[in-house]
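Biologist: I would like to learn how to read helix packing and backbone oddities in a model. Can we work through one together?

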Amino acid sequence: MIVVGGEALIDLVPVARPPGALLPRPGGGPYNTALALGRLGAEVAFCSRVSSDGFGESLLAGLRAAGVDLSLVQRGPEPTTLAVPSLAPDGSASYGFYVEGTADRLFTLPPALPDGVRALALGTCSLVLEPGASAYEALLRRESRRGVLTLLDPNIRPALIADPAAYRARFLERLLPHTSVLKLSEEDAAWLGGRVEDWLAAGPSAVVLTRGAKGLTAWTREGGQYSAAARPVAVVDTIGAGDTVNAALLHRLALAPGGPVDWPEVLAHAAHAAALTCTRAGAEPPYAAELSE
């Protein structure tokens, strides 16, 4: 089983008509990753704290429909976090957030995950908003120590980070030593300000960089460098594309933990899945059957 930990929220996505209208869509990097894994046919569980309001119910319904295990989900009466993406002409998105007093940031450390868990993925707002951020950090450390493959996707949202220097220090000194695979966008890498060599030295066995229309590149601790081209598609928006990359990476890597990795194939699989996500409004990752077409 793969466990994905982090926030589930509602994206208020701009639509063309009527002008100025916002369409509520399920979102949050970890939520999208869990949804994508379920659609790819992986055995996956979501580990989070979700509101008992109407938005929370709809978020869980979406995961349930994708076959995601919800036994690790905590519930609370607080409201659901809201995100408002602003879309650039190329479909890329920036975000504003409504996070005060919301349910997901009150996540607490769960008991030990089941012995059958092979991988854990964490990222985005859940690494920033306290007290939940410390609980997710403790989860990462605990599961890493017992040999679980861990994937970290910082998915930087600068509007949420009050102290960038403290965040960068936490990332390098407290998160990376317990991370197996680090996945970053070019924007994340620029904001963090480090080098691939530094990140690999801190702990991960691989760093995967998403480069938009230029594809994906992976560097490994053994010195390998591998790339896959992006698939040309008509982009509606890029919401959820990076989260789909997370899912596709885990879908392949968790099949043979500790064994040799066919990085060109893994990256090509991720690029294909992300491209399909970009052809749809909001975070709508593909199903396994679509990747075989």
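Modeller: This is a predicted model. Start with a pair of helices, H3 and H4, and the sense of their crossing.

Biologist: Which hand does the crossing of H3 and H4 have?

Modeller: The crossing of H3 and H4 is right-handed. Now add the geometry. The two axes come within 12 Å and cross at roughly 25°. H3 therefore runs roughly parallel to H4, since an angle under 35 degrees counts as roughly parallel.

Biologist: Which residues of H3 and H4 meet?

Modeller: From H3, Ala133, Ser134, Glu137, Leu140 and Arg141 take part. From H4 come Arg170, Arg174 and Leu175. Sort them by class: three are nonpolar, one is polar and four are charged.

Biologist: What is the general idea behind the spacing of contacts along a helix?

Modeller: An α-helix has 3.6 residues a turn, so residues three or four places apart point the same way. Try that on another pair. H1 covers residues 29-40, and H2 covers residues 54-65.

Biologist: At what angle do H1 and H2 pack, and how far apart are their axes?

Modeller: The angle is about 30°, with the axes 9 Å apart. H1 and H2 are therefore roughly parallel to each other. On the H1 side, the contact uses Tyr31, Ala34 and Leu35. On the H2 side, Ser58, Leu59, Gly62 and Leu63 take part. By class, this contact has five nonpolar residues, two polar ones and no charged ones.

Biologist: Stay with H1 for a moment. Is threonine 33 buried or exposed?

Modeller: Threonine 33 has a relative accessible area of 2%, so this residue of the helix is buried. Next, look for its partners away in sequence. Threonine 33 touches Val4, Asp243, Asn246 and Ala247, leaving out residues up to four places away in sequence. Asp243, Asn246 and Ala247 are among the buried residues of H7.

Biologist: Then let us turn to H7. How many of its residues are buried?

Modeller: H7 is mostly covered, with 11 of its 13 residues buried. Among them are Val245, Leu249, Leu250 and Leu253.

Biologist: How do I test the length of a helix such as H7?

Modeller: Compare an expected span with the distance between its ends. At 1.5 Å a residue, the 13 residues of H7 should span 18 Å. Its end C-alpha atoms are 18 Å apart, so the two values agree.

Biologist: What does the same test give for H8?

Modeller: H8 has 16 residues, 263-278, and should span 22 Å. Its end C-alpha atoms lie 22 Å apart, so there is agreement here too. H8 is also mostly covered: 13 of its 16 residues are buried.

Biologist: At what angle do H7 and H8 pack?

Modeller: H7 and H8 pack at about 145°, and their axes are 8 Å apart. H7 passes H8 in a right-handed crossing. Residues of H7 in the contact include Ala241, Thr244, Val245, Ala248 and Leu249. Those of H8 include Trp263, Val266, Leu267, Ala270 and Ala274. The class count is 12 nonpolar, four polar and two charged residues.

Biologist: Now a single position in H3. What does leucine 139 touch?

Modeller: First check its cover. Leucine 139 sits in H3. Its relative accessibility is 0%, so leucine 139 counts as buried. Leaving out residues up to four places away in sequence, leucine 139 touches Cys47, Phe107, Leu109, Pro110, Leu113, Leu120 and Leu122.

Biologist: Next, the backbone. Where is there a cis peptide bond?

Modeller: Read omega. Glutamate 130 and proline 131 are joined by a cis peptide bond, with omega about 5°. Proline 131 lies in the loop between strand E9 (119-123) and H3 (132-145).

Biologist: Which residue in that loop between E9 and H3 should I check for phi?

Modeller: Check threonine 124. Its phi is positive, about 65°, although the residue is not a glycine. At 5% relative accessibility, threonine 124 counts as buried.

Biologist: What is phi at asparagine 155?

Modeller: Phi there is near 45°, again a positive value in a residue other than glycine. Asparagine 155 is in the loop between strand E10 (149-153) and H4 (164-175). With 12% relative accessibility, asparagine 155 counts as buried.

Technical notes: Residues are numbered from 1 along each chain as its sequence is written. This is a predicted model: local features need pLDDT of at least 70, side-chain atom pairs count only at pLDDT 80 or more; totals for chains, interfaces and linings use all residues. Side-chain values use heavy atoms; hydrogens and water are left out. Helices (H or I, at least four residues) and strands (E, at least two) are DSSP runs, numbered from the N terminus. Buried means under 20% relative accessible area, exposed over 50%, partly exposed in between (1.4 Å probe, protein chains only). The expected span of a helix is 1.5 Å times one less than its number of residues. Axes are lines fitted to C-alpha atoms, for helices over the stretch in contact, and angles run from 0 to 180 degrees between N-to-C directions. Angles under 35 degrees count as roughly parallel, over 145 as roughly antiparallel, 65 to 115 as roughly perpendicular and the rest as oblique. A crossing is left-handed if the near helix is turned anticlockwise from the far one by less than a right angle, and right-handed if clockwise. Contact means heavy atoms within 4.5 Å. Ala, Val, Leu, Ile, Met, Phe, Trp, Tyr, Cys and Pro count as nonpolar, Asp, Glu, Lys and Arg as charged, and the others, Gly among them, as polar.
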